[in-house]
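Subject: Structure handover

Hello,

Here is the structure I promised to pass on. Please open it first, then read my notes below.

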Amino acid sequence: LDHFFGASSGERWGVVGIGIRGSGTRDALARQDYLYSVLLRDDETTSVTVVGSLVDFVMSRDKEKDETEGERMLEYLASPRTRIISLTLTEKGYHLDLATGNLDLISPAVLHDLASADSTRAETPVGTLAKALARPDQPGSAPDLASADSTRAETPVGTLAKALARRRAQGTGGCTILSCDNLPGNGRLARDMVLGFLRAAGDTELVKWVEERCSFPGTMVDRITPVTKPLAAASASEPVRRREGNDYYSDLVRASVCAEACLKDIWPISAETFHQWVIEDDFVAGRPRWEDAGALFVSDVGPYEVMKLRLLNAGHSALSYPALLLGHQYVDCALESPCLKAFLNLVLSEQAATVTPAPAGVDLDAYQATLLKRFANPHSKDELIRLAEDGSLKLATTLRDAALENARAGRPVAGFACVVACWARFLLGVDERGKDLHVEDPRATELAALARPMFGAPDEASPEEPLDSALCAAFLRAAFGDKLSNEEAVVLAVLQAVKTMARKSIRGLLDEFLSSNGRECGLCEKE
């Protein structure tokens with residue numbers, strides 16, 4: 001954003017960050033006046049930029065430090081100076097039922113809030129609304145979201161509902177809700193999330209106002225940005241000290257920033273030099289001239305979105321599971337294995353068959369080759385375990401629909417089957433050498449229970465093969481829904497992949513898959 005704002009001549013724009021949960025990001029940035037550096041590096045280029053567009057950072061609630069934080073946040077969101085509210089969330093942050101695309105009204109957190117109308121704290125937007133609806137003194141009245149306690153909403157949609165209600169009450173006017181997330185149809189999903197929330201509240205007038213005054217353009221953001229961790233201070237009066245668990249890569253980025261630009265930064269960011277931002281041009285309250293810095297404005301972001309989700313994001317997931325099971329830690333190091341690189345290349349080719357139509361002017365073969373080069377960038381130490389998080393959510397949006405389309409068109413699905421087999425094995429939480437793997441997934445327990453019978457316990461002798469295809473079909477049904485689990489070609493392909501892995505090994509599975517595609521398998525394991 002800082003790069004794009006800098007190109008908007010004659011206009012002054014800035015960013016206010018909003019934290020929904022922990023205050024760690026706000027606290028670290030506040031110590032250096034919300035300035036931070038970005039290190040861009042590949043084999044040909046190194047540069048350091050200090051980002052100055054972040055002017056403040058507030059929390060939706062922060063009772064430990066400041067009871068007024070939630071109110072400050074709402075003042076910003078409802079201000080007439082605020083024209084765009086952007087979202088950068090994970091799949092979990094939307095509280096959506098992936099099968100229907102609707103707000104999930106039966107999740108445990110939602111049920112908890114619905115049953116706790118007298119509680120002083122809601123964990124979800126629906127909980128906040130349920131308490132607003134509990135007004136026996138005014139039966140049948142709509143909730144007054146604009147005056148609701150600002151410390152009660154802890155999710156993005158709950159925060160948005162309060163902000164939009166206040167904008168309407170103040171006569172501020174509408175704004176643009178700009179989703180920058182890795183979800184298919186992210187603009188539409190953001191709109192459905194907000195309107196679904198308001199309909200659940202019974203606020204029909206606010207629903208109508210949002211439909212008439214607000215817009216929800218879709219976007220595609222493409223830049224690989226590995227996670228870094230901050231240095232931390234025990235208190236504002238104490239010197240900066242190392243936080244327990246700080247990783248090698250974060251230290252390397254700090255050292256590189258210091259060497260290149262003579263800057264000491266508590267929390268620098270590192271990214272690749274490549275970037276692409278595609279946006280639907282539907283802004284109701286004005287916008288910066290981001291196109292001056294290379295952003296692409298289009299009427300339909302769909303083709304770009306599909307390309308990124310089914311190739312870049314799917315590629316990250318496809319590589320992460322076999323690589324972790326073989327003992328690798330970083331993406332670039334995993335791709336030094338000819339076996340894993342060839343495997344990823346074939347999976348990308350299988351996925352690419354479903355990227356139709358391709359975005360105008362894009363050569364998909366060249367795009368795939370560029371992806372492999374970007375993934376292999378030795379200066380971006382992207383952790384595989386991060387990419388493996390939330391597989392039940394990610395694979396449903398990046399691989400499921402492509403596999404369904406390939407199966408119905410009679411095209412191969414063996415690459416998808418190998419990825420699913422490796423993911424199922426990963427859910428057991430142990431790699432091939434017996435080392436524990438950290439599994440971060442909201443459905444880990446449920447899906448691991450279904451995966452375990454396919455392989456046997458990882459510390460026991462595995463069966464020679466699964467009992468029958470019903471085990472694989474049950475796993476696919478739970479993970480991806482009935483449509484995919486009813487495709488016989490998909491079930492049989494996954495069954496074959498699981499059989500091969502159980503009978504041989506991860507290496508054996510990849511070797512057989514590559515051989516069937518006329519490729520040879522080189523060394524896979526981490527030395």
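**Arginine and the aromatic cluster**

The charged end of R287 sits over the ring of F297, 3.7 Å from the ring centre. The R287 charged end also sits over the ring of F283, at 6.0 Å from its centre. Both rings belong to one aromatic cluster, formed by W277, F283, W290 and F297. Please keep in mind that this is a predicted model.

**The sheet around F297**

F297 is the bridge partner, in β10, of I279. The two strands involved, β9 (residues 276-280) and β10, run parallel and share three bridges. They belong to an open sheet of three strands. Its order is β7-β9-β10, and its pairing is mixed. At the edges stand β7 (219-222) and β10 (296-298), each paired on one side only. From one strand to the next, the twist averages 15°.

**The other sheet**

A further open sheet has three strands in the order β3-β2-β8. Here too the pairing is mixed. Its edges are β3 (46-51) and β8 (269-271). Each has a single partner strand, so one side of each has no neighbour in the sheet. The twist averages 20° from strand to strand. β2 (residues 36-41) pairs with β8 in the parallel sense, over three bridges. Within that pairing, V38 has I269 in β8 as its bridge partner. Helix α9 (residues 248-261) packs on this sheet. The helix touches β2, β3 and β8, and its direction makes about 95° with that of β2.

**Aromatic pairs between helices**

How many aromatic pairs does the count come to? It comes to eight. Two are described here.

Take Y321 and F426. Their ring centres are 5.2 Å apart and their planes stand at 55°. That angle is neither under 30 degrees nor over 60, so the pair is tilted. Y321 lies in helix α10 (residues 302-325) and F426 in helix α17 (residues 414-426). The pair therefore ties together parts that are 105 residues apart in sequence. Are these two residues buried or exposed? Y321 is buried, with a relative accessible area of 0%. F426 also counts as buried, at 2% relative accessibility.

Next, F343 and F513. Their ring centres lie 5.7 Å apart, with the planes at 75°. An angle over 60 degrees counts as edge-to-face, so that is the label for this pair. F343 is in helix α12 (residues 338-352), and F513 is in helix α22 (residues 506-516). The pair links distant parts of the chain, 170 residues apart. F343 is buried, with 0% relative accessible area. F513 counts as buried at 6% relative accessibility, because the cut-off is under 20%.

**The cores**

In soluble globular proteins, nonpolar side chains tend to be buried together. In this model, the largest nonpolar core has 77 residues. Which residues have the most contacts inside this core? They are L311, L319, W423, F475 and F480. Another core lies apart from it, with 31 residues. Among them are L96, V194, L195 and W209.

L311 deserves a closer look. Leaving out residues up to four places away in sequence, L311 touches L348, Q351, A352, V355, L364, Y367, Q368 and L371.

One of those partners is Q368. Where does Q368 sit? Its place is in helix α13 (residues 364-375). At 5% relative accessibility, Q368 counts as buried. With the sequence neighbours up to four places away left out, Q368 touches L311, N345, L348, S349 and A352. L348 and A352 appear among the contacts of L311 and also among those of Q368.

**The chain as a whole**

The secondary structure comes to 22 helices and 10 strands. Of the 527 residues in the chain, 53% are buried. Now consider contacts between residues at least 6 apart in sequence. Of these, 70% join residues at least 24 apart.

Best wishes

Technical notes:
Residues are numbered from 1 along each chain as its sequence is written. This is a predicted model: local features need pLDDT of at least 70, side-chain atom pairs count only at pLDDT 80 or more; totals for chains, interfaces and linings use all residues. Side-chain values use heavy atoms; hydrogens and water are left out. Two strands pair if DSSP finds at least two bridges between them. Helices (H or I, at least four residues) and strands (E, at least two) are DSSP runs, numbered from the N terminus. Axes are lines fitted to C-alpha atoms, for helices over the stretch in contact, and angles run from 0 to 180 degrees between N-to-C directions. Rings of Phe, Tyr and Trp (its six-membered ring) pair if their centres lie within 6.5 Å; planes under 30 degrees apart count as stacked, over 60 as edge-to-face and the rest as tilted. Buried means under 20% relative accessible area, exposed over 50%, partly exposed in between (1.4 Å probe, protein chains only). A charge sits over a ring if NZ of Lys or CZ of Arg is within 6 Å of the ring centre and within 35 degrees of the ring normal. Contact means heavy atoms within 4.5 Å. A nonpolar core is a set of buried Ala, Val, Leu, Ile, Met, Phe, Trp, Tyr and Cys residues joined through side-chain atoms within 4.5 Å.
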